[in-house]
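Biologist: I would like a close look at one part of this model, the nonpolar core, and at how the rest is built around it. Please start with the overall build.

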Amino acid sequence: MGITGSRENKEKKPVVLIVGGGYGGVQCAKALDKTGHFFVVLIDRKSYFFHNIAALRASVEPNYAQQILIPYDRLLTNGCVVQAEVEVISPDGVKVHGREEPIQFDYLVIATGSSYAFPGKVAETQQPQALAHYDNLRHKIEQAKRILIIGGGPVGIELAGEIATDFPLKDITLVHSSTTLLYPNVFKQELYTRLQEGLERLGVKVVLNDRVDLGTTTYAHQHEKFIEGDQTFLTTKGKIDIKTDLTFVCTGAHVNNKSLKAGPLVAELDPNKEGRLNVNEYLQVKGYTNIFAIGDISSKEDKLAFLAGKQAEYVASFITRVELKKGMPEEYRPLKYPGMFVTLGRNGGAGQMPSKGAMIFGSTIVKYAKSKGMFTSQQWSSLNQKMNQAIRSTDTKQPDHNSGYEKKLNSLKHSMELTEDDARQLLAGLPAKELELGQDFI
Ligand SMILES: Cc1cc2nc3c(=O)[nH]c(=O)nc-3n(C[C@H](O)[C@H](O)[C@H](O)COP(=O)(O)OP(=O)(O)OC[C@H]3O[C@@H](n4cnc5c(N)ncnc54)[C@H](O)[C@@H]3O)c2cc1C
């Protein structure tokens, strides 16, 4: 028997299907689950929430990676999290790898986010492999003498800061094609200056307004844009010779829209916005009242975790109001001013508040607001987990997946009219899909 939704049966709770358990997806799922009015099903290809804000710390600090892979098992009280690769998202249902019948919904929230090359994000769907990957990279960084980072956006800057803080003797060069770090003419000049000076104080050579000619470089894996072994690169304008034995290419994210391209929503992907999904002022996908897009996949606002969370809260309250017939909510209010906190290792950084005055913060404030803890314990709390307790227990036992298992099983059978086998199969998670060329990987 296939998986059917609850649309026909008004006695049952409406099914909210959320595709993507990143910052936006988990926040939306949690907010809706809490109301008790919905049966929330969150689907993600990974078995864990990936706290990628702290991923670069995991590249240098031993055992830190354990802190950024957070189990989903306590996220939802009423609904459930299903591990599956979504192949097609369509207004008629969501097709997952390993099942013929699409999963139907009353409301759909698309939160597929974006991919970033390792170590910014990681493609592995299971925790042990992801942990091993970070461990492996840390050894490579330890052994390298000369490191080149291509791209001076937030990820390139933070990676340089992490490496320079933990390995002060390494020769690190960062090359960026713009005339300032980050994106020129977006932030106050003071932010660019503070970041550049901060990096230089850590011993990083910053080369601006130039590019590294990567020629025909290919990568060992499509999702890992780093190059191992001795290389000499020539910059295109300044013709600076850079000798390196480990090179990271930190040049941007890729929008996870493959599953949308495979269905009719392809018509709403905006080619002028990197293929993000067009939404209206209520964050509804254009042309649909019950389909929403939030976070990096949405055409609204910048690609930032805190904005994905803000959009998630809005969509959760929108759906609740509509379902409880409380009238049309106000339009979503996008952030008006750009803002960003960029770390320079665990002790430094600089930031600009996303407010009219655009106040700039230096290393002391940014250290305590972000760099020291990287919001890691807050993220565990937001998934209803206690970080230290969970990490201590992972050596001896797996997280408690059984808590509330029977309740979830029954809800799944009842709300989605599944057979016992279907429901058990979904709760167990479907087999992971092998990475293909050009696949969205995170
Ligand atoms: C290294 C790094 C550091 C960053 N630091 C910050 C920061 O300090 N502050 C900040 O605000 N932002 C930061 N960002 C940006 C932030 O991470 C993104 O804006 C945020 O992750 C977007 O959240 P999201 O929920 O839209 O998607 P994501 O977090 O990308 O999550 C998408 C989820 O969807 C799942 N998925 C995708 N496709 C499928 C599919 N077909 N089937 C099943 N599951 C699927 C993925 O597995 C993933 O879990 C950083 C980004 C990087 C790369």
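What radius of gyration would a compact globule with 442 residues have, and what does the chain have?

Modeller: This is a predicted model. A compact globule with 442 residues would have a radius of gyration near 22 Å. The chain has 22 Å, which agrees. Along its principal axes, the C-alpha trace spans about 70 × 50 × 40 Å. The secondary structure comes to 12 helices and 21 strands. Of the 442 residues, 46% count as buried. Take the contacts between residues at least 6 apart in sequence: 67% of them join residues at least 24 apart.

Now the core. The largest nonpolar core holds 118 residues. Val16, Val109 and Ile110 touch the most other members. Helix 7 gives this core its largest share, 7 residues.

Look at valine 109 first. Setting aside residues up to four places away in sequence, Val109 touches Val16, Ile18, Cys28, Phe292, Ile294 and Val315. Val16 is thus named twice: as a partner of Val109, and with Val109 among the members that touch the most others.

Next comes leucine 108. Leucine 108 sits in strand 8, residues 107-110. Leucine 108 is buried, because 24 other C-beta atoms lie within 10 Å and the cut-off is 20 or more. Beyond its neighbours within four places in sequence, leucine 108 is in contact with Leu17, Asn290 and Ile291. Alanine 262 is another matter: 154 residues from leucine 108 in sequence, and 16 Å away in space, C-alpha to C-alpha.

Valine 207 makes a second case. Valine 207 belongs to strand 12, residues 205-207. Its count is 20 other C-beta atoms within 10 Å, so valine 207 is buried, right at the cut-off of 20 or more. Not counting residues up to four places away in sequence, valine 207 touches Thr173, Leu174, Val175, Thr235, Gly238 and Ile240. Of these, Gly238 is 31 residues away in sequence. The C-alpha atoms of valine 207 and glycine 238 are 9.2 Å apart.

Two helices deserve a check. Helix 4 runs over residues 154-166. At 1.5 Å a residue, its 13 residues should span 18 Å; the end C-alpha atoms are 18 Å apart, which agrees. Of those 13 residues, 12 are buried, so helix 4 is largely enclosed by the rest of the structure. The buried set includes charged residues, Glu158 and Glu162. Also buried there are Pro154, Val155, Ile157 and Leu159, among others.

Helix 5 covers residues 189-201. The expected span for its 13 residues is again 18 Å, and the end C-alpha atoms are 18 Å apart, which agrees. Its buried residues are Leu191, Tyr192, Arg194, Leu195, Gln196, Gly198 and Leu199. An α-helix has 3.6 residues a turn, so residues three or four places apart point the same way. Leu191, Leu195 and Leu199 are among the buried residues of helix 5. Just after helix 5, glycine 203 takes a positive phi of about 95°.

Last, the ligand. The shell around the ligand has 36 residues, and Gly20, Gly22, Gly24, Gly113 and Gly295 come nearest. The shell divides into 15 nonpolar, 13 polar and 8 charged residues. Helix 1 (23-35), strand 2 (39-44), helix 2 (55-58) and helix 7 (305-323) each supply at least two shell residues. Helix 7 therefore turns up in both places: in the shell, and as the source of the largest share of the core.

Conventions: Residues numbered from 1 in each chain as written. Predicted model: local features only at pLDDT ≥ 70, side-chain atom pairs only at ≥ 80, totals over all residues. Near = placed C-beta within 6 Å. Helix = DSSP H or I, 4+ residues; strand = E, 2+ residues; numbered from the N terminus. Rg over C-alpha atoms; globule rule 2.2 N^0.38 Å. Contact = placed C-beta atoms within 7 Å. Expected span 1.5 Å × (residues − 1). Core = buried A, V, L, I, M, F, W, Y, C linked by C-beta atoms within 7 Å.
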